[in-house]
Amino acid sequence: MRQRIAVIGGGPGGLTFARVLHRHGYPATVLEREPAPDARPPGGTLDLQEGLGQRALDKAGLLTEFRALSRPEGQAMRILDPDGTVLRDWQPRPDDEANPEIDRGQLRDLLLGELDVQWGRAVTHVVPGTPDGALVHFADGRQEAFDLVVGADGAWSRTRPAVSPATPHYTGVTAIETSLDDVDTRHPDLSRLIGDGSLAVYGVNRALVAQRNSGGHVKVYAQFRAPLDWHANLDLTDAEAVRASLLALFDGWAAPVLDLVRHGTAFVHRPLYVLPVNHAWTHVPGVTLLGDAAHLMPPLGAGANLAMLEGAELAESIAIGAGDDLDETVRAFEEQMWARAGRWSQITTAGLERLVSPDPAEAIAVFDRVQPS
Ligand SMILES: Cc1cc2nc3c(=O)[nH]c(=O)nc-3n(C[C@H](O)[C@H](O)[C@H](O)COP(=O)(O)OP(=O)(O)OC[C@H]3O[C@@H](n4cnc5c(N)ncnc54)[C@H](O)[C@@H]3O)c2cc1C
């Protein structure tokens, strides 16, 4: 008899897991809290690396479709000094497919395909080891049992407590996200400043990063070191007040750079949280985690890539090893995930320290190490 497998969360990790299982003719129940795919704005752009996210898409049979949608030109990266001087300006080679960008919404639709997701199914908690298997409890009071529950439910995972007491902690860095629409027509100067990919400006303990998405949409992230309660006297729902507060925080920076904030339309508060580096747990039969639920780390281009590759690898080993002991398959997957994610959480944690640091030269050094000269 086939095993009853559920994945909680229809983000990049959960959908890749379900999609790869589906490709092997193996069903999985996808349980997603949101009522519909487009219930919330999908967020910004993701760069998918050749050996990680793209490998996962290959396992899902979606690499060709990804190449048709993604933006290799989005790998361009420009770094400015707060006074507006261009310090670095990297352009990708025409054939460079190492890290192309894709909008999150496009990636979600690509992964969704024909998958049968159960929308509006918010999970409250998971109880492993009942006589009927791992029991998933829902916000509407219902419950359902499975042989394997995969928690791909992100930073504030409701699955995680079934295997680990760890909770995310604040990094000391906060981001405020804002957006520019129709940048090419409405803000041509900013469009030229940003270029085809990303623009980053590093100052003392703060940074402004702008990333071009498709369709002339740009996401801007103001990042700064601050205590968690930095906004005690600020109404975060008052866009004008948040804008004024950011302009004060970045006071003295060049006017064209500050225009990224001045023309921003809405402001979303995103304090950056992480799980402990090398987070792991004692294996619990019937429940596992992947992606941010397992190893939330600073958002420096690895999280979605890892979540997708983990989803693909776990699905592939379940499908190919069908008939093997499911629990042993999951154990082996966890060992592999912990080792790789541990390395990435060290890299990204050190990266965040240097990118939002007292010495802006540290930030540029990070890019000089990874970008071809
Ligand atoms: C600003 C920013 C930029 C980033 N850029 C990149 C990048 O370029 N490249 C990269 O690799 N990573 C990037 N990341 C990190 C990346 O977004 C995450 O690591 C990735 O989304 C994790 O995928 P996931 O599937 O594990 O979790 P998520 O994407 O968080 O998905 C979790 C899903 O679970 C659902 N869910 C949550 N709780 C429940 C519940 N109780 N019941 C049912 N469903 C639930 C959610 O609705 C969601 O659909 C960035 C992050 C940020 C914040």
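**Group meeting: a helix pair and four single residues**

Let me begin with helices H1 and H10, where H1 passes H10 in a right-handed crossing. Please keep in mind throughout that this is a predicted model. The axes of H1, residues 12–23, and H10, residues 303–320, come within 7 Å and cross at roughly 25°, and because that angle is under 35 degrees, H1 counts as roughly parallel to H10.

As for the residues that meet there, H1 contributes Pro 12, Gly 13, Gly 14, Thr 16, Phe 17, Val 20 and Leu 21, while the H10 side includes Ala 304, Ala 307, Met 308, Leu 314 and Ile 318, among others. Sorted by character, the residues of this contact divide into 12 nonpolar, four polar and two charged.

Staying with H10, we can check its length, since 18 residues at 1.5 Å a residue should span 26 Å, and the C-alpha atoms at its ends are indeed 26 Å apart, which agrees. H10 is also mostly covered, with 15 of its 18 residues buried.

Now to the single residues, starting with Thr 130, which belongs to strand E8, residues 123–130. Is Thr 130 buried or exposed? Thr 130 is exposed, because 11 other C-beta atoms lie within 10 Å and the cut-off for exposed is 12 or fewer. Setting aside residues up to four places away in sequence, Thr 130 touches Leu 135 and Ala 145; and although Thr 130 and Gly 286 are 156 residues apart in sequence, their C-alpha atoms are 9.8 Å apart in space.

His 263 sits in the loop between helix H8, residues 255–262, and strand E16, residues 268–274, and is partly exposed, with 18 C-beta neighbours inside 10 Å. Beyond the neighbours within four places in sequence, His 263 is in contact with Leu 180, His 187 and Leu 190, and its C-alpha atom is separated by 9.5 Å from that of Asp 181, 82 residues away along the chain.

Finally, which backbone angle draws attention to Asn 205? Asn 205 has a positive phi of about 60°, although it is not a glycine; this residue lies in the loop between strand E13, residues 198–203, and strand E14, residues 206–212, and counts as partly exposed with 17 C-beta neighbours inside 10 Å. Asn 278, another residue other than glycine, has a positive phi near 65°, and is found in the loop between E16 and strand E17, residues 287–289, where, with 13 C-beta neighbours inside 10 Å, Asn 278 counts as partly exposed.

Methods: Residues numbered from 1 in each chain as written. Predicted model: local features only at pLDDT ≥ 70, side-chain atom pairs only at ≥ 80, totals over all residues. Axes fitted to C-alpha atoms, helices over the stretch in contact; angles between N-to-C directions. Helix = DSSP H or I, 4+ residues; strand = E, 2+ residues; numbered from the N terminus. Parallel < 35°, antiparallel > 145°, perpendicular 65-115°, else oblique. Left-handed = near helix turned anticlockwise from the far one by under 90°. Contact = placed C-beta atoms within 7 Å. Nonpolar A, V, L, I, M, F, W, Y, C, P; charged D, E, K, R; others polar. Expected span 1.5 Å × (residues − 1). Buried ≥ 20, exposed ≤ 12 C-beta atoms within 10 Å, placed from the backbone.
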